[in-house]
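Got a few minutes to poke around a model together? Let's go through it by question and answer.

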Amino acid sequence: MEHIRTTKVEQVKLLDRFSTSNKSLTGTLYLTATHLLFIDSHQKETWILHHHIASVEKLPLTTSGCPLLIQCKNFRTVHFIVPRERDCHDIYNSLLQLSKQAKYEDLYAFSYNPKQNDSERLQGWQLIDLAEEYKRMGVPNSNWQLSDANREYKICETYPRELYVPRIASKPIIVGSSKFRSKGRFPVLSYYHQDKEAAICRCSQPLSGFSARCLEDEHLLQAISKANPVNRYMYVVDTRPKLNAMANRAAGKGYENEDNYSNIRFQFVGIENIHVMRSSLQKLLEVNGTKGLCVSDFYSGLESSGWLRHIKAVMDAAIFLAKAIMVESASVLVHCSDGWDRTSQVCSLGSLLLDSYYRTVKGFMVLIEKDWISFGHKFSERSGHLDGDTKEVSPVFTQFLECVWHLTEQFPQAFEFNEAFLLQIHEHIHSCQFGNFLGNCQKEREELKLKEKTYSLWPFLLDDQKKYLNPLYNSKSQRFTVLDPNTVSFNFKFWRNMYHQFDRTLHPRQSVFNIVMHMNEQNKQLEEDIKDIESKIKQHRNKQTEDVLTKELLNSVHPESPVLKTSLCFKEQTLLPVNDALRTIEGSNPADNRYSDYAEEFSKSEPTVVSLEYGVARMTC
Amino acid sequence: MEFAELIKTPRVDSVVLHRPFYPAVEGTLCLTGHHLILSSRQDSTEELWLLHSNIDAIDKRFVGSLGTIIIKCKDFRIIQLDIPGMEECLNIASSIEALSTLDSITLMYPFFYRPMFEVIEDGWHSFLPEQEFELYSSATSEWRLSYINKEFAVCPSYPPIVIVPKSIDDEALRKVASFRHGGRFPVLSYYYKKNGMVIMRSGQPLTGTNGRRCKEDEKLINATLRAGKRGYIIDTRSLNVAQQARAKGGGFEQEAHYPQWRRIHKSIERYHVLQESLIKLVEACNDQTHNMDRWLSKLEASNWLTHVKEILTTACLAAQCIDREGASILIHGTEGTDSTLQVTSLAQIILDPRSRTIRGFEALVEREWLQAGHPFQQRCAQSAYCSSKQKWEAPVFLLFLDCVWQILRQFPCSFEFNERFLIVLFEHACASQFGTFLGNNEGERCKLKLQQKTMSLWSWVNRPSELSQFTNPLFEANNLVIWPSVAPQSLQLWEGIFLRWNRSSKYQDEAYEEMVNIIEYNKELQAKVNVLRRQLAELETEDRPRQSP
C-alpha cells in the first residue's frame with residue numbers, strides 16, 4: 001500500500017484510558033492494509049479497522065514519546081505513546097489516508113474475501129427478500145398494490161424500485177405528488193397492519209412554502225385514508241420540532257396545511273435534526289472520556305448533552321404511531337425534512353412495537369433492510385464511509401439501535417436477539433466490511449455492483465446466530481404482540497455497553513447473561529445426551545433380556561468392582577465442558593488496573609498527608 | 001391498655017385504598033395497636049397490613065365530606081385511603097399519627113408479636129462473638145477476647161465482648177477508652193487470614209487543641225503491627241473536618257505520636273447531608289412527570305450516587321491497604337458508629353468470600369452494625385418524607401446496602417444472596433415484627449431484654465422456606481478479592497429500592513423467573529444424565545464379562 005511507510009513500531013505504550021496515573025501496556029504496533037494492530041507483552045491483540053477510525057490526533061511531544069490519540073466510530077478510544085516522533089508521524093499520516101478513502105472501491109468490502117463462491121455470495125444477498133416481507137404483511141391486497149412508477153428510479157432516485165401505494169392512487173397522482181415532495185419522496189407504504197387494516201406510510205416534507213398546494217398530493221393522502229376501511233381519518237406526523245418545520249416554509253418547503261387535506265390530523269413530535277444529534281453525541285463522549293470523572297459531572301454531562309432526551313423523543317414518536325394504529329385503527333403518514341433520518345427511525349421503531357416478527361433475528365434484519373437500506377437512509381454519509389462532508393455525519397442509526405436496546409431492557413423476554421446483536425450490527429454500519437451499508441440509496445448500490453463485488457452481512461450474522469440469541473426469549477407469550485413501553489424519564493439509562501464497549505474496566509466482572517446463555521445451550525446438549533444414553537440403555541436391556549439366565553449367573557460371580565466406581569466418578573466430573581472461563585473474574589488477575597485507581601484518588605486529593613516515598617510510590621505498585 | 005386511648009375510631013367501612021400497580025380496593029379499615037388493616041372481606045383480594053412503625057408521614061385533605069389520607073412509608077411506598085366522613089377521617093389520621101410516633105420502644109410491635117412459625121434456630125444465638133472469634137483463633141494467637149465491657153461501663157455503645165491485641169491488658173484498655181470518642185477504643189474488626197493483616201475500628205482520639213496524647217493508645221495500635229511494618233489510619237473525614245473536631249475536644253492521630261502509621265483522609269458525609277440527599281432522591285424518583293433534563297438534574301442534585309461512590313472508594317482503599325499493600329489499618333471518623341462501619345463492613349465484602357454468603361452476611365451485619373453500635377433506633381426513626389427533622393436521622397445503613405447492591409451487580413455470581421435479601425434487611429431496619437434492629441446498641445438491647453421478649457429476624461430469615469427466596473441461583477463460591485469499579489458509568493440507581501413503587505417490574509420479575517427455570521432445568525438435566533450414565537455403565541459392565549467368560 002502506498003500509504004504505509006512504517007509497518008511495525010516496537011516499544012509502543014498503550015495508555016489506560018481512565019487511569020489517572022498513566023498506567024500503560026507496552027507492545028508492538030503493526031500497520032496493515034486494513035487494520036492497525038497492537039500486540040502487548042501478554043500477547044493480547046487489539047485490532048482496529050482503519051474504517052472504524054473517526055479521528056487521529058497527534059498530541060504534543062512528551063518525555064516518554066509522541067502521543068497518538070485514536071477515536072473510533074465504535075467508541076473505542078486508544079491512546080498510544082510512540083517512542084520516536086518520526087514513527088509516530090508516519091503512522092499518523094498513514095492512518096489519516098487509510099481511514100478516509102475517496103472512492104467506494106477502496107473500501108474494505110471490495111477486498112474482503114470470506115472464501116465464498118459466487119453462488120454462495122448471491123444466496124447471501126437473497127437472504128432478505130423484501131417482496132416476501134410485504135407479502136407477509138399482507139400486501140398487495142384489495143386496497144394496496146405494487147406500483148411500478150419508480151421501476152427505473154425515474155420519480156425518486158433515493159427510493160427503491162418497488163413501492164406499495166393505495167390501489168386507487170393512479171400514476172399521474174403519484175407523479176404529481178412526487179413533484180410536490182422534497183427529493184420526490186412521495187407518500188408510500190412502510191408497514192401494513194393486517195388486523196387493523198391500517199398503514200404506516202412515509203414521505204418527505206411537502207413543498208408547500210407559505211401557501212402552495214398540490215391537488216395530486218392531497219389526492220394521494222386521501223387515497224391512503226380510503227385504503228383504511230376502518231378509520232377514515234389519518235394522522236400526519238411531522239417528526240420535526242414545529243419551529244424547524246416553520247422555518248422550512250421560507251425555503252419553499254414546510255408542512256401540510258390541515259385545511260387543504262381532508263380528514264388529516266396533523267401532529268409535530270419534535271425530534272431534533274442530524275446536526276443537533278451529532279453534537280449531542282459528541283458532548284456525551286467528551287464527558288464520558290474524562291479521567292477521574294465524578295458522579296455529578298457525569299449526570300450533568302448526560303443532561304446537558306441532551307442525548308437521552310433525544311432518545312426519549314424518538315421513542316415517544318414511535319409509541320404515538322403504535323397507539324394510532326392499535327387504539328384508533330388509524331393510518332399514519334410520517335415525514336421529517338427529506339424523510340430518510342427521523343422518518344426511518346420512527347417508522348421502523350413503530351413497526352417493531354407493533355409486530356413481534358421484527359423482534360426476531362431475521363425479522364430485525366428485514367426491518368433494517370426495509371426502512372433503512374431500501375428507503376435510502378444515507379448510511380455512507382451518516383457514518384462518513386468516505387472522505388466527505390463531516391456535517392453529514394450523524395448517529396441517527398445508532399439512536400435507533402439504542403431505542404431498541406431500551407426496549408430490550410423493559411421487555412427482557414420479548415426479543416429473540418440480545419445486546420451483542422445490536423452491538424455487532426453497529427460495528428458493521430461503520431466497518432465497510434460488507435456491502436449492505438455502503439452507498440446512500442439503492443440506486444447507488446446497484447451502480448456500485450455491490451451484490452457482485454461485496455458480501456452481505458446478514459448470512460454471516462445468521463451463521464453466528466447462537467451468539468446473538470436471547471436465552472430468556474419467550475416467543476409464545478401473547479402479551480408481547482404489541483409492546484407498550486413506559487417512557488417515564490427514569491426508564492432511560494446510559495447505555496454503557498455501547499459507549500464504553502471497549503472499556504472493560506467499567507463493566508461488571510461477571511455476566512449473568514453469558515452464563516444463562518451458556519446454560520441454555522448446555523441444556524439443549526444435555527437433552528440430546530439423555531436421548532442418546534436412553535437409547536443405548538434400551539439396546540443393552542434388549543440384549544440382556546435375550547439371555548437373562550446368563551446375566552443372573554454372572555452377577556453373582558462378579559460383584560461390582562471398586563475400579564469401576566472410581567471411573568464412574570471421573571466420568572461425572574468431566575461430563576460437561578467446564579464453563580470456568582465464563583465465571584472467571586477479570587478483576588482478579590494482577591494485570592488488572594482497577595484497584596490502583598482507588599489509591600490514586602487519595603494520593604491526589606491529600607498530597608500533604610501521604611508522603612511521596614511511602615504513600616504514592618508504593619500504593620501504585 | 002394504652003393503645004385503646006389512642007384509637008379514636010377503630011373501624012370504618014367503605015374505605016377505598018389506592019396503591020401503586022393495584023386496582024383500587026374498597027373495604028373495611030381497622031386500626032389496631034400496631035397495624036393499619038384494610039380488608040375487602042373477599043378471599044380474592046389481598047389484605048393490606050401496614051405496621052404503624054413503617055409510617056413516615058401522613059397528609060390529609062377533604063373534598064366535601066370525603067376525606068383522603070395519604071400515607072407515606074419508610075420504605076418509600078405511598079398509599080392513599082379515601083375515607084367517607086370527615087370525623088372518621090380526622091380520627092383515623094390522628095390515631096395513625098399517634099401510633100406511628102410512639103416514644104416507648106417497649107410498646108413497639110416486636111414486644112407483642114408471636115411468631116406463627118416454628119423456631120428451628122434461635123437467631124439471638126446464631127452469631128455469638130465467641131464463635132466468631134473462634135474463626136480467627138485457629139489462625140492467630142495475637143488477639144484475645146476482652147470482657148472489660150461486660151457491664152457496658154467502659155464503652156456504652158460497645159458489646160460486652162470485644163477482640164483486642166493479646167498484649168494489651170484491660171487496665172490499658174480503660175485508659176485508651178478515655179482517650180477515644182464515646183469510649184470506643186480500637187478493637188478488631190477483621191482479621192485477614194491470607195497475610196495476617198487486620199482492620200481495626202474506633203472513635204476519634206480526643207487530642208483536643210493542645211494535642212493530648214495517650215501512650216496506651218499508641219501502644220495498643222502499635223501492638224498490631226509486625227516488626228518494621230507500617231499501618232494506615234483511614235480517617236473518614238476530610239482533613240479540614242478532622243482539624244475542626246479538635247476544637248470540640250476530638251481530633252486525629254498526630255504523625256509525631258504515631259510514626260509507624262500513615263494517615264489518609266477521605267470525606268464521607270454524615271447526618272443531615274445524607275438525609276437531605278435521600279429526601280431529594282426519593283422526591284425525584286416519585287415524580288413521574290419530570291422531563292429528561294429535570295430528572296437527570298434532580299438525580300445529580302441529590303448526590304446520592306456521589307455518596308455511594310465515596311463510600312465504595314474508601315472501602316476499596318481499605319481493602320487495598322490490606323490485600324495489596326500488606327498493611328494493617330485503623331478506621332475511624334468521629335464517633336466510629338456510621339461511616340466507619342460502612343467502610344469496615346464493605347471492605348470485608350470485598351476481601352472475604354464468607355461475608356458474601358447469606359450466613360456470613362448476617363454475621364457481618366450482626367458484628368459490624370448491631371454489636372458495633374450503629375444507632376439503628378436513631379438513624380431509622382424517620383425516613384424521606386418526615387418533616388420534623390432530627391439531626392441524628394440518616395440513611396447510613398441504606399447507603400451500605402446500596403453499596404453492597406452495586407458490588408452484587410458487578411459480581412452477580414459471587415454472592416449467595418440476591419437483591420431481595422438486601423431489600424428485606426432495609427425493610428426490617430425501618431419497621432419490623434422482629435427485635436433485631438431495635439435499640440441503638442447492645443447495652444440498650446440488653447436492658448430491653450430483647451432476647452427474652454422479642455424474636456430475632458435471623459430466626460425467621462434462616463428458615464429453609466424463607467432462605468430459598470433470598471438465594472442467588474447463580475452463586476458459585478469464589479475465594480477471590482473482588483474489586484468493584486467505582487466509575488460513575490458503573491454505578492446505578494438502585495431501582496429495586498427507589499423505583500420500586502414507581503414502576504412495574506413485572507417483565508423483569510418474569511425474566512428472572514425464566515432465568516431461575518433455566519438454571520433449575522440445567523441442574524435437573526445434569527442429575528438425570530448422571531443417573532443414566534451410571535445405569536449405562538452398570539449395564540456395560542454386566543455385558544463385558546459376558547463377552548469373555
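Q: In this predicted model, which side chain meets Asp90(A) in a salt bridge?
A: Asp90(A) sits in helix H1 (residues 85-99) of chain A, and its partner lies in the segment before E1 of chain A, 85 residues apart, so the pair links distant parts of the chain. The N to O distance is 4.0 Å, and the partner is Arg5(A).

Q: Is Asp90(A) buried or exposed?
A: The cut-off for buried is under 20% relative accessible area. Asp90(A) has 6%, so call it buried.

Q: And Arg5(A), buried or exposed?
A: Here the bar to clear is over 50% relative accessible area. Arg5(A) comes in at 67%, so this end of the salt bridge counts as exposed.

Q: Which residue forms a salt bridge with Lys370(A)?
A: Lys370(A) is itself buried, at 0% relative accessibility. The partner is buried too, with a relative accessible area of 0%. The closest N and O atoms are 2.9 Å apart, and the partner is Asp371(A).

Q: How far apart are the closest N and O atoms of Lys467(A) and Asp464(A)?
A: Lys467(A) is partly exposed, with a relative accessible area of 47%. Asp464(A) is partly exposed as well, at 32%. The two form a salt bridge, with those atoms separated by 3.2 Å.

Q: Which residues do salt bridges that share partners join into one network?
A: Look in chain A, where shared partners tie the bridges together. The members are Asp341(A), Lys378(A), Glu381(A), Arg382(A) and Glu392(A).

Q: How many salt bridges does the structure hold over all chains?
A: The pairs above, including Asp90(A) with Arg5(A), are just part of the tally. Counted over all chains, the number is 57.

Q: Which residue in E7(A) stands opposite Leu14(A)?
A: Strand E1 (residues 8-15) of chain A pairs with strand E2 (residues 24-31) of chain A in the antiparallel sense, over 6 bridges, and there Val12(A) stands opposite Gly27(A). E1(A) also pairs with strand E7 (residues 77-82) of chain A, again antiparallel, over 2 bridges. On the E7(A) side, the residue facing Leu14(A) is Phe80(A).

Q: Which residues form a nonpolar patch on the surface with Phe62(B)?
A: Phe62(B) is found in strand E5 (residues 55-63) of chain B. With 31% relative accessibility, Phe62(B) counts as partly exposed. The patch has about 240 Å² of accessible area together, and the other members are Met86(B) and Leu90(B).

Q: What ipTM does the predictor give the complex?
A: Chain B averages a pLDDT of 93, and 98% of the residues score at least 70. For the complex, the pTM is 0.92 and the ipTM is 0.94.

Technical notes: Residues are numbered from 1 along each chain as its sequence is written. Chains are lettered from A and ligands numbered from 1 in the order in which they are written. This is a predicted model: local features need pLDDT of at least 70, side-chain atom pairs count only at pLDDT 80 or more; totals for chains, interfaces and linings use all residues. Side-chain values use heavy atoms; hydrogens and water are left out. Patches are made of residues with over 30% relative accessible area and no salt bridge: like charges are joined within 9 Å, nonpolar side chains (Val, Leu, Ile, Met, Phe, Trp, Tyr) within 5 Å. Accessible areas come from the Shrake-Rupley method with a 1.4 Å probe; for residues, only the protein chains shown count as cover. Helices (H or I, at least four residues) and strands (E, at least two) are DSSP runs, numbered from the N terminus. Buried means under 20% relative accessible area, exposed over 50%, partly exposed in between (1.4 Å probe, protein chains only). pLDDT is the predictor's confidence in each residue, from 0 to 100. Two strands pair if DSSP finds at least two bridges between them.
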